[in-house]
Amino acid sequence: MAKRRANGEGSIRKRKDGRWEGRYTAGRDLVTGKVIYKNVLGKTQAEVKEKLKSAIEKNSALPLAAGQYTLGQWLDTWMENYAKLQVRASSYKTYQGFIDNHIKPALGDLPLEKLTAMDLQRLYKHLLESGRVECTESRNKPKGLSVKTVRNINQMISSALNCAVEQRLIPANPTKGCVLPKLERKEMKILPPESLGTFFEEARRSGVFELYYIDLATGLRRGELLGLKWSDVDLGKGIIHVRRQILRQNGKVIEAPLKTKNSYRNIAIGADTINVLRRMEQKDEYVFPSPYGGPMSPDSVLHMLQRVLKRAGLERIRFHDLRHTFSVLALQNGVDVKTLSAMLGHYSAGFTLDTYAHVTTSMQKQAASAVGNFLSSTLLP
């Protein structure tokens, strides 16, 4: 009968042939998940005990089987057995795009155990300079990927390599030796309040007034706005239910779940917004359908915005800046940060406060000045 030992120390037994055998767990097969067992033999129990201790220590210190994987093969294994269980479906598709379009063409055939920080550093440099995949949507964009995208690729590779370290396929994660470009915080732009009338007038002439009015009245993200269906709009109660988004993936416009649980929310709308929606013709299940039916392309609403701004003689801004405009106007007109955070679908009021710190700081100064003026007026001369 085998002599049981503490977990991680293996077990020892005497065989029928008179020799002693030590058995220990060497890991798991990453594909099948089955436990891998190994053994040592000796003439005496003491000899096997020493051999077993040495084998376990050596097994813990050395990679198991890195040589059987290239980086591409390991990423495929990690995606199937780990990422698929941990990340959202939209993130999984994004990761697959990173692997197929950027990582495998450059480093996919490199043995996992030979991957270095310098290999990854060269990859990131290339991606920043000329990594964008040529397609219709990227025709007028820079040749290099954005800093944010490259950082996201590094984060994904790091997660996969951390898993490889845990499985003792490699001794260390090479991404820890990489230097990443810093994210530059873009200056927030908004539509100036004094320009809103001009903007709406041009939007009405261009036939897109309702689209941009609803967005400025709710602060919805572009995909959320295009994902709105009439079944999500309760005009009687004055509530919009945000339940999905529209994305472009692999050249196709698709309906997708929202990014986070906080994004699923109900937004109250005012009487003017209700009247705008009541006057709209319900041609499709989507509130803002494409001319051919179904959801509108996110690219097309951005192009429309740029045309409207140009014709109105206004500065070029991103579509997301309409959301910033809503937020700034809400804060300046007395909406508290917690309420605004819930309307925007942020994960915390702290994030909202940090994003719009410049607005709230200005408001605090105004409040402090107002209180100071009041107190000063009460002082006797």
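Start by selecting G345, the residue that follows helix 12: its phi is positive, near 80°. You're looking at a predicted model, by the way.

**Helix 12**

Now step back and pick out helix 12 itself, residues 337-344. At its N-terminal end you'll find D336 acting as a cap, with a side-chain oxygen 3.2 Å from the backbone nitrogen of K338. Which residues of helix 12 are buried? Colour L340, S341, M343 and L344 and you have them. Turn the view to look down the axis of helix 12: those buried residues fall within an arc of 165°, so they line one face of the helix. As a rule, an α-helix has 3.6 residues a turn, so residues three or four places apart point the same way. To see what the buried residues of helix 12 pack against, switch on strand 8, helix 11 and helix 13 (349-355).

**The three-strand sheet**

Keep strand 8 on screen, since that's your way into the next stop. Strand 8 belongs to an open sheet of three strands, ordered 4-5-8 and paired antiparallel. Strand 4 (233-234) and strand 8 (265-268) are the edges; each has a single partner strand, so one side of each has no neighbour in the sheet. Zoom in on strand 4 and strand 5 (residues 239-242), where two bridges make the antiparallel pairing. Select D234 and look across to strand 5: I239 stands opposite.

**A hairpin**

Next, select strand 6 (245-249) and strand 7 (252-256). How many bridges join strand 6 to strand 7? Five, with the two strands running antiparallel. Click L247 and you'll see I254 of strand 7 opposite. Then go to the turn: two residues sit between the strands of this hairpin, and N250 takes a positive phi near 55°.

**Helix 10**

Last stop: helix 10, residues 298-311. Its 14 residues reach 21 Å from first C-alpha to last, close to the 20 Å expected at 1.5 Å a residue. S297 caps the N-terminal end, placing a side-chain oxygen 3.2 Å from the backbone nitrogen of D299. Show P298, V301, M304, L305, Q306, V308 and L309 as sticks; these are buried. What covers the buried residues of helix 10? Strand 6 and strand 7 from the hairpin are among the elements that do, as are helix 6 (196-205), helix 7 (209-218), helix 8 (222-226) and helix 11 (320-332). Helix 11 also packs against the buried residues of helix 12. Finish on G313, just after helix 10, with a positive phi of about 75°.

Methods: Residues are numbered from 1 along each chain as its sequence is written. This is a predicted model: local features need pLDDT of at least 70, side-chain atom pairs count only at pLDDT 80 or more; totals for chains, interfaces and linings use all residues. Side-chain values use heavy atoms; hydrogens and water are left out. Two strands pair if DSSP finds at least two bridges between them. Helices (H or I, at least four residues) and strands (E, at least two) are DSSP runs, numbered from the N terminus. The expected span of a helix is 1.5 Å times one less than its number of residues. Buried means under 20% relative accessible area, exposed over 50%, partly exposed in between (1.4 Å probe, protein chains only). Contact means heavy atoms within 4.5 Å. A polar contact is a pair of N or O atoms within 3.5 Å; within protein, one must be able to donate a hydrogen and the other to accept it, and residues adjacent in sequence count only if both atoms are side-chain atoms. The arc is that of the directions from the helix axis to the C-beta atoms.
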